[in-house]
Amino acid sequence: MRLLAFIFLLLTTLSSTAQTKSAFVSGKVIDENEDPIAGVSIIILGKQNGIVSSDSGTYRIQVPAEKAFALVFSHSDFLSVQKNFFLSDGEEEQLTVKLNRIGKTLETVVISNQKQREETGLVKINPKNAISLPSATGGVEGLIKILVGSNNELTSQYSVRGGNYDENLIYVNDFEIYRPYLVRNGQQEGLSFINPELVKNINFYTGGFQARYGDKISSVLDIQYKKPVSFGGSAYVSALEQGLHLEGTSKNKKLSWLFGVRSKTNKNLLSSQETKGNYVPSASDLQAFLTYKISQKTELQLLGIISGSKFYFQPQSAQKSSAVFSPLFTADVGLDIFFDGQEKDNYNSNLIGISLLQNVTDRVHLKWMASRYGDNENENFDITGAYLFGERSFDKTKPDFGQITNPLGAGVFQNYARNQLNIQAYNISHKGSYNLGKHFLQWGAGVDHTIISDRLNEWEFQDSAGYSLPFNPNQLNLNNVLKSHTDLTIDKYSGYLQDNIRLSKGVTDVTLQAGIRFNYNSLNGEFLVSPRGQISYKPNWKRDIIFKASAGVYDQPPFYREMRRYDGTVNTALKSQKSVQFVTGFDYNLSHGDRPMRITTEAYYKSLTDVDPYDIDNVRIQYFGENNARAYAAGIETRLYTELVKDAESWFSIGISRTKEKINNDYYYNYQNAAGETITAQSTDQVVADSVRTEVGWIRRPSDRLLTMGLFLQDYLSTNKNFKVHLNMIYGSNMTYNIPNNPKYRNALIIDPYIRVDVGFSALLLSEKALRRSHSPFRSFENIWASLEVFNIIDRANVISYQLVKDFANDTFSIPNRLTPRLINFKLLARF
């Protein structure tokens, strides 16, 4: 009996010990939009029984401990996911699992959401690509520039369908974002306003957008930041930029928080440019997005952004070269400049926005918003340059290689500025929606109060061959003087109403969107009404194709930059630039073998009136400050989205366009001698006997570019997905550059085509979190990536602008200002 009792006790103890060797895995299952998924089957690989996620997507399952196992998450509408684990006895692993919908493995390749495909001009962008993109600027705008083209890798600005940088709307969580105003070139820019690590959704409209979007005439970038469902974060460091982001929720899930901090310096990038000196650029920002669920139907949101950038530059010297071709001679000319002085610029901005969201019923949703945007900019420089201009020797066998051997001109210039700009913009707005089934009504109204204070003190002195320009023997004249004090207060009232109508659904799908927008500007007393409409048609074909078209009126009320003339005065009576736009195209989903493909094509035409002409120098836009021109833009764009390898999206974009303008009363005179010949610099008879007035007519606009192409490509080793390659390529045909104060040769200089190729090589250093033991120092990390990026791998010397120099004979030469050469960057990214 004692032996039987001992055996029974031993077996009971062993059984009890075995039962304690267990662990738990718990968390939440979400989709691509971070919404919870109910009814997800969760089983241990090799077992028959398991659990399903709750209506809120949560789960908790008991699993074996001290042994490797796998959980399989499956749902009929989503792709299955397998997660591997190795847990200690009694340990509980928290894990949020994201499932991708079947047929939507890559969001931008094949879009199954038909509403998104029906909208004209809409381009869905995957925010994950903004993080992995090898680019000098990077971020969301780096992806956009691949789609629409670019001519400057140092700026986050972009132009769309013949427009300029000021014609693009940017929203973050429905709050409008502004760009710096005093920035003259890309090297002065700091961080992009958008932190890609915080982004959940990106909608980019290239034109033909709906009435619910504001009063600009080119494009809309609509950004939505994430609402976290669990704790997480990321950190990255590179030679150019560093960043950290954290996210999480409270225990009761009512409060969610999202924080991001970044720092950037372009010193390594700028130090390789033609102008040598001491570059000290720096930029940093802090962003936060908080949400608090007051009740099941009411939510409070707070968005805060603080951004600052400084640019200090002490130039020393510059060596620039160019080839000159003419009927009389061909030469390699150079410009050597020796500097004295410095530049100190500061750009600081901040945004605070609060929103109250109300889900009154399942059909009625309301949003109330209030925000304040502040911008404080200071531009200070006093730089003197002494230059020698002439033919440069490029014969490496001679001792004078690289030197100017035949001087053609010499002189001195001085640039001085003490400019200050302060902007405060207050906004109160409301928007709502009402779902009536076949009708989906949307409305909104807002009031903007803007205070602008500008102090402009800027002058330029030029001395060529010992004579100050403009030459006056009796006094010293400055070449250009700008002095003004401006204080403005502007009130704007705007609103919209639109209806999205499902006309038919079944054999064929037809949708119609009709809306109207109004805007009133207190400064110029202008009241504008802008009707807009879209229609889409999906025929009952075997092919998955949607045809769509839109037409509408798009007006752009002037902000401060558009009102400031070349001489520094401000035209407060300036009217809005107005446009009528037409867009038509199709969206085609198809497949090639087992790989998804998508082709989108759109043709567009814009007719613009009351145009305020402008010139672009690098990124600085200078307006005429008058509504004295007409313009048009027309073109066609095609984009192909696909997978060169499975689960790695790529795309190719190509656009052909033309944009021209006609300025009122724009003319010049051709002078003739007694023989009736037009007098030129080479004419022997320079005596004017007659003149002929010539109307300039239609000319290319500064943003005109006939052909643009962009390629974004992802690839990985066929034997190992942990080694990836990202490549982006941009090509843009030639652009124009203006010769100041010369109607005959306005926009006559040509900037060569822009070609840029950046490539990044990435390796996954750490993954499979569940296989790490609880005492591992990397236990909390999801993954760690290391990347080697090569910017401008073809080392092309792209041109951004020209410097105009006069020789001893008073002839003007254009010397190109070039962008950055090849540069290598290393980046380390960790997620936890």
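Here a student and a tutor talk through a predicted model.

Student: Which residue of strand S16 belongs to the nonpolar surface patch?
Tutor: Let's start from the members of the patch, which are Phe231, Leu244, Leu246, Phe259, Val261, Leu286 and Ile306. Strand S16 covers residues 275-293. The residue that lies in this strand is Leu286.

Student: Is Leu286 buried or partly exposed?
Tutor: Good thing to check for a patch member! Buried means under 20% relative accessible area, and exposed means over 50%. Leu286 has a relative accessible area of 44%, so it counts as partly exposed.

Student: Which strands each supply at least two residues of the nonpolar patch?
Tutor: The patch covers about 610 Å². Two strands fit your description, one spanning 241-249 and the other 255-264. They are strands S14 and S15.

Student: How is the aromatic pair of Phe389 and Phe813 classed?
Tutor: A search of the whole structure finds 29 aromatic pairs. In the pair of Phe389 and Phe813, the centres are 4.9 Å apart and the planes make an angle of 55°. Planes under 30 degrees apart count as stacked and those over 60 as edge-to-face, so with 55° this pair is tilted.

Student: How many residues apart are Phe389 and Phe813?
Tutor: Look at where each ring sits: Phe389 is in strand S19 and Phe813 is in strand S43. The pair links distant parts of the chain. The separation is 424 residues.

Student: Why does Phe813 count as buried?
Tutor: Its partner Phe389 counts as buried at 0% relative accessibility. For Phe813 we need the cut-off, which is under 20% relative accessible area. Phe813 is buried because its relative accessible area is 13%.

Student: Why is strand S42 described as largely enclosed?
Tutor: Strand S42 runs over residues 799-806, and we can ask how its eight residues are covered. It is largely enclosed by the rest of the structure because the number of buried residues among the eight is six.

Student: In the hairpin of S42 and S43, which turn residue has a positive phi?
Tutor: S42 and S43 run antiparallel and are joined by seven bridges; one example is Ser801, whose bridge partner in S43 is Asn817. Five residues lie between the two strands. In that turn, a positive phi of about 70° belongs to Asn810.

Student: Which residue forms a salt bridge with Lys227?
Tutor: The whole structure holds 34 salt bridges. In the one you ask about, the N to O distance is 3.4 Å. Lys227 is partly exposed, with a relative accessible area of 35%, whereas its partner is buried at 13%. That partner is Glu299.

Student: Which strands hold Lys578 and Glu526?
Tutor: These side chains meet in a salt bridge of 3.0 Å, N to O, and both residues are buried. They lie in different strands, so the pair ties together parts that are 52 residues apart in sequence. Lys578 is in strand S27 and Glu526 is in strand S25.

Student: How far apart are the closest N and O atoms of Arg565 and Glu626?
Tutor: Arg565 is partly exposed at 24% relative accessibility, and Glu626 is partly exposed at 30%. These two residues form a salt bridge. The distance between their closest N and O atoms is 2.8 Å.

Notes: Residues are numbered from 1 along each chain as its sequence is written. This is a predicted model: local features need pLDDT of at least 70, side-chain atom pairs count only at pLDDT 80 or more; totals for chains, interfaces and linings use all residues. Side-chain values use heavy atoms; hydrogens and water are left out. Patches are made of residues with over 30% relative accessible area and no salt bridge: like charges are joined within 9 Å, nonpolar side chains (Val, Leu, Ile, Met, Phe, Trp, Tyr) within 5 Å. Accessible areas come from the Shrake-Rupley method with a 1.4 Å probe; for residues, only the protein chains shown count as cover. A salt bridge is a side-chain nitrogen of Lys or Arg within 4 Å of a carboxyl oxygen of Asp or Glu. Helices (H or I, at least four residues) and strands (E, at least two) are DSSP runs, numbered from the N terminus. Buried means under 20% relative accessible area, exposed over 50%, partly exposed in between (1.4 Å probe, protein chains only). Rings of Phe, Tyr and Trp (its six-membered ring) pair if their centres lie within 6.5 Å; planes under 30 degrees apart count as stacked, over 60 as edge-to-face and the rest as tilted. Two strands pair if DSSP finds at least two bridges between them.
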